[in-house]
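Trainee: Hey, got a minute to go through a structure with me? I'd like to learn how to read one.
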Amino acid sequence: MTQPKKQQAMDHMIENSSGLLNHRMFNGDGEILPGRWVRLRTLVVLRWAAIFGQIAAIVVSIYAFSLQIPLGLTAVAIGLAVIANLVSLAVFPKNARLNERDATGMLLFDTLQLAFMVFLTGGLHNPFMVLIVAPVTVAATALSTRATVIVGSVAIAATTAVADFNIPLQTRDGVQMLMPDLFVFGIWVAVVTSIGFVGLYTRRISSEMRSMSEALLATQMALSREQKLTDLGGVVAAAAHELGTPLATIKLAASELVDELGDKQDLRDDAALIGQQADRCRDILQSMGRAGKDDMLMKSVPLVTLVEEAAEPHADRGKTLEISVMSQLNDPSDEPVVARRPEIIHGLRNLIQNAVDFATTTVWIEIDWTETEIKLRIIDDGRGYAPQVIGWIGDPFIRGKKPAQDKGQRREYKGMGLGLFIAKALLERTGAKLSFANGTEPYTGRPHPREKSGAIAQVVWPRLAGGIENKPAAGGLGDNIPFE
């Protein structure tokens with residue numbers, strides 16, 4: 001293989017690995033698409049810090065500097081932030097990660113809430129106006145360029161608005177705390193410039209770090225795939241070498257039989273067929289040993305077959321695995337053909353392993369699909385998820401986050417940490433939504449053998465263009481395409 005062809009083969013493998021790594025990693029501009037990068041808990045904690053900071057600033061302004069503050073309106077502004085935090089904690093799971101739309105909405109709320117507070121306390125005459133840069137920095141770090149521009153634009157608009165429209169700060173004696181117009185204009189320019197510079201700088205650094213991380217991971221997968229192909233090629237080459245002599249002997253014997261069976265046409269045809277099949281075996285072995293294969297089965301597979309492959313390592317672990325199709329669609333040909341991506345196989349395998357570890361006798365894997373979604377449910381007959389940990393499922397090392405009073409039950413949750421975190425992260429990269437529940441409510445902590453009463457892990461993929469499905473090629477799975 002010449003050097004250009006080697007480079008083409010390597011580029012081909014890297015592209016395939018990148019596709020397996022994240023099927024929708026880049027947008028039309030070549031920019032990395034963000035996923036669920038922002039943890040809700042992080043934004044909630046930052047908002048609590050802002051709330052206590054605003055309360056402290058108001059108290060100090062009133063009692064230390066004798067300033068008049070509209071307490072009613074400021075209480076409304078702070079109360080809105082408190083309500084937003086309480087609603088977020090009540091609606092979302094403790095370990096929720098926000099998508100771009102939800103994170104952008106929360107940052108816009110924080111920007112407008114801070115702008116309202118500054119409007120009530122002097123506008124640009126209030127030195128805390130500079131804090132409006134904080135939501136823009138968070139957006140630039142974790143969200144896309146579009147989201148960063150939206151948050152930055154709202155921040156600039158709010159800064160401009162409070163420059164002209166605000167309730168002036170004044171002392172109890174009625175003296176207004178005002179700066180010269182030139183200073184106010186300078187603060188406006190400084191804040192707007194800071195929003196643009198910090199947003200652009202942070203966005204650039206964050207994008208480069210993500211690009212490097214994804215590139216290194218894609219390269220690692222490409223090298224792993226190349227190693228597997230190399231090992232396979234070595235095995236096939238050794239087989240071709242060892243089988244070369246027997247095939248040559250068969251070919252020679254068949255040729256001699258063809259010459260000696262001149263008057264027996266049927267036997268002569270059979271001998272000729274043996275020689276032709278020996279030639280075909282030789283050609284197949286040479287083709288496999290020379291270049292390897294890019295079998296379409298490595299890319300696409302029926303949904304049920306994919307689930308069976310993921311469950312196979314746990315079939316002989318002393319628990320019964322029952323795989324059933326629950327789809328109500330009448331046509332069997334409607335079974336989805338999905339991408340055989342390592343993220344899906346490894347993620348499902350981790351979920352099945354967790355179910356087998358905690359099951360008493362049986363694990364059920366229910367496969368369902370409709371015209372709009374693909375759904376898998378993994379159910380066991382074990383104890384189920386304890387109420388104090390079900391909200392933390394998907395976080396790594398959740399055992400270290402349990403309350404002290406639960407230490408006596410530590411053994412019950414052994415293994416429920418990094419494995420489920422990896423499974424959740426890998427499957428969410430493919431567009432899946434995961435949810436965890438118990439088969440019985442209220443939680444009893446007792447297993448019910450042969451009953452679907454234990455833990456339930458549900459994985460749902462939308463059937464959208466560009467999702468996990470691959471349309472079957474014409475003529476079945478397609479032809480094997482060797483590397484050149």
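Trainee: Let's start small. Where does T430 sit?

Mentor: T430 is in the loop between α12 and β10. Keep in mind that this is a predicted model.

Trainee: Okay, a loop. Is T430 buried or exposed?

Mentor: T430 counts as buried, because its relative accessibility is 8% and the cut-off for buried is under 20%.

Trainee: What does T430 touch, leaving aside its neighbours within four places in sequence?

Mentor: T430 is in contact with R341, E343, I344, W461 and I468. Take W461: it is 31 residues away from T430 along the chain, and their C-alpha atoms are separated by 8.2 Å.

Trainee: And what does W461 touch, not counting residues up to four places away?

Mentor: Quite a list: I344, L348, T372, E373, I374, L376, L427, T430, G431, A432 and I468. W461 is also one of the residues with the most contacts inside the largest nonpolar core, along with L348, L351, L427 and V459.

Trainee: How many residues does that largest core have?

Mentor: It has 36 residues. The elements giving two or more residues to this core are α9 (303-311), α10 (342-358), β8 (362-369), β9 (373-380), α12 (418-429), β10 (433-438) and β11 (455-462).

Trainee: Which of them gives the largest share?

Mentor: That's α10, with seven residues. There is also a second, separate core, made of 28 residues, with L98, L124, L143 and A158 among them.

Trainee: Is there a general idea behind cores like these?

Mentor: Yes: in soluble globular proteins, nonpolar side chains tend to be buried together.

Trainee: New topic, the sheet. In what order do the strands come?

Mentor: The order is β6-β8-β9-β11-β10, so to speak a row of five strands forming an open sheet with mixed pairing. β6 (320-325) and β10 stand at the edges with a single partner strand each, so one side of each has no neighbour in the sheet. From one strand to the next, the twist averages 15 degrees.

Trainee: How do β9 and β11 run, parallel or antiparallel?

Mentor: Antiparallel, with seven bridges joining them. One to look for is R377, whose bridge partner in β11 is Q458.

Trainee: Which helices pack on the sheet?

Mentor: α9 packs on it and touches β6, β8 and β9, with its direction at about 155 degrees to that of β8. α10 packs on it too, touching β6, β8, β9, β10 and β11, and its direction makes about 25 degrees with that of β9.

Trainee: Back to the edge strand β10. How many bridges join β10 to β11?

Mentor: Six, and those two strands run antiparallel. F436, for instance, has A457 as its bridge partner in β11.

Trainee: Which residues of β10 are on its covered face?

Mentor: L434, F436 and N438 are on the covered face, while K433, S435 and A437 make up the uncovered one.

Trainee: Let's move to helix α2. What span should α2 have?

Mentor: α2 covers residues 40-63, which is 24 residues, so at 1.5 Å a residue the span should be 34 Å. The end C-alpha atoms are 35 Å apart, which agrees.

Trainee: Which residues of α2 are buried?

Mentor: L40, L43, V44, R47, I51, Q54, I58, S61 and I62. The buried residues of α2 pack against several elements, including α3 (71-91), α4 (100-120) and α5 (133-142).

Trainee: Then what about α4, how many residues does it have?

Mentor: α4 has 21 residues and reaches 30 Å from its first C-alpha to its last, close to the 30 Å expected. Just after α4, G122 takes a positive phi of about 105 degrees.

Trainee: I also spotted I69. Where does I69 lie?

Mentor: I69 lies in the loop between β2 and α3, and it is buried, with a relative accessible area of 12%. Not counting residues up to four places away, I69 touches I58, S61, I62, T74, T121 and L169. I58, S61 and I62 are also among the buried residues of α2.

Trainee: Last one, zooming out. How many helices and strands does the protein chain have?

Mentor: Twelve helices and eleven strands. Of the 484 residues in the protein chain, 37% are buried.

Definitions and conventions
Residues numbered from 1 in each chain as written. Predicted model: local features only at pLDDT ≥ 70, side-chain atom pairs only at ≥ 80, totals over all residues. Heavy atoms only, no water. Core = buried A, V, L, I, M, F, W, Y, C linked by side-chain atoms within 4.5 Å. Buried < 20%, exposed > 50% of the residue type's maximum accessible area, 1.4 Å probe, protein only. Helix = DSSP H or I, 4+ residues; strand = E, 2+ residues; numbered from the N terminus. Contact = heavy atoms within 4.5 Å. Pairing = 2+ DSSP bridges. Expected span 1.5 Å × (residues − 1). Axes fitted to C-alpha atoms, helices over the stretch in contact; angles between N-to-C directions.
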